[in-house]
Amino acid sequence: VQLQASGGGLVQAGGSLRLSCAASGRTFSRYSIGWFRQAPGKEREFVGGIAWSDGITAYADSVKGRFTISRDNAQNTVYLQMNSLKPEDSAVYSCAASSRLVSQTSGYAFWGQGTQVTVSS
């Protein structure tokens, strides 16, 4: 499966953005999708994800209550709705596919190119 993240941009603190992760491949619905982010000088970190089997979502504590992940299997797309953005949310956001929903980057076999999110204070 091939993935492409989009929807990043520049937004003021408190604002919102919606990222999209578009996938190609007929088996997209069988993959759990994770969102990750990496800020300059920092390690890539798990933001959240959605399981393929039952749509269960999981989030990092730092974004819980502000970010929401959803998927549209018919459109082969997963969305990351980001509200109440903070400057510390600034990073390159990437999506990745795995056979199950895990938070470790090593658990994901397929990665898309990232999209830059910049939150100004």
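**Ser90, a charged network and the nonpolar core**

Ser90 is buried, with a relative accessible area of 19%, a value that falls under the 20% limit for burial. The model described here is a predicted one. Ser90 sits in the loop between β8 and β9, and its side chain has two backbone partners to consider. A polar atom of that side chain lies 2.9 Å from the backbone oxygen of Pro87, while the backbone nitrogen of Val119 is reached by the Ser90 side chain at 2.8 Å. Not counting residues up to four places away in sequence, Ser90 touches Ala39, Val117, Thr118 and Val119.

The loop between β8 and β9 also carries Asp89, and here the charged side chains come into view. Side chains of opposite charge can pair when their charged atoms come close. The structure holds four salt bridges. In one of them, Asp89 pairs with Arg37, with 2.9 Å between the closest N and O atoms. Arg37 belongs to strand β4 and Asp89 to the loop, so this salt bridge ties together parts that are 52 residues apart in sequence. Asp89 and Arg37 are both buried. Asp89 also meets the side chain of Arg66 in a salt bridge, at 2.7 Å from N to O. This second pair again links distant parts of the chain, since Arg66 lies in the loop between β6 (57-59) and β7, 23 residues from Asp89. Like Asp89, Arg66 is buried. Through shared partners, the salt bridges join Arg37, Glu45, Arg66 and Asp89 into one network. Another salt bridge is formed by Lys64 and Asp61, whose closest N and O atoms are 3.1 Å apart. Asp61 counts as exposed, at 67% relative accessibility.

Strand β4, home to Arg37, is worth following further. Six of its seven residues are buried, so β4 is largely enclosed by the rest of the structure. β4 pairs with β9 in the antiparallel sense over seven bridges, and in this pairing Arg37 stands opposite Tyr93. β4 also pairs with β5, again antiparallel, over five bridges; there, Arg37 stands opposite Glu45. Glu45 thus faces Arg37 across the strands and belongs to the salt-bridge network as well. The hairpin formed by β4 and β5 has six residues between the strands, and Gly41 in the turn has a positive phi of about 80 degrees.

Tyr93 leads from the strand pairing to the nonpolar interior. The largest nonpolar core has 29 residues, and those with the most contacts inside it are Ile33, Trp35, Phe67, Val78, Leu80, Met82 and Tyr93. At least two residues of this core come from each of β1 (2-6), β3 (17-24), β4 (32-38), β5 (45-50), β7 (67-72), β8 (77-82), β9 (91-98) and β11 (115-120). Apart from this core lies another, of five residues, among them Phe36, Phe46, Ala96 and Tyr108. Neighbours within four places in sequence aside, the contacts of Tyr93 include Trp35, Phe67, Leu80 and Met82, which are also listed among the residues with the most contacts inside the largest core. Further contacts of Tyr93 include Ala5, Leu19, Val47 and Val117, along with Phe36 and Arg37. Phe36 is one of the residues of the five-residue core, and Arg37 is part of the charged network. Val117, for its part, is touched by Ser90 too.

Methods: Residues are numbered from 1 along each chain as its sequence is written. This is a predicted model: local features need pLDDT of at least 70, side-chain atom pairs count only at pLDDT 80 or more; totals for chains, interfaces and linings use all residues. Side-chain values use heavy atoms; hydrogens and water are left out. A nonpolar core is a set of buried Ala, Val, Leu, Ile, Met, Phe, Trp, Tyr and Cys residues joined through side-chain atoms within 4.5 Å. Buried means under 20% relative accessible area, exposed over 50%, partly exposed in between (1.4 Å probe, protein chains only). Helices (H or I, at least four residues) and strands (E, at least two) are DSSP runs, numbered from the N terminus. Contact means heavy atoms within 4.5 Å. Two strands pair if DSSP finds at least two bridges between them. A polar contact is a pair of N or O atoms within 3.5 Å; within protein, one must be able to donate a hydrogen and the other to accept it, and residues adjacent in sequence count only if both atoms are side-chain atoms.
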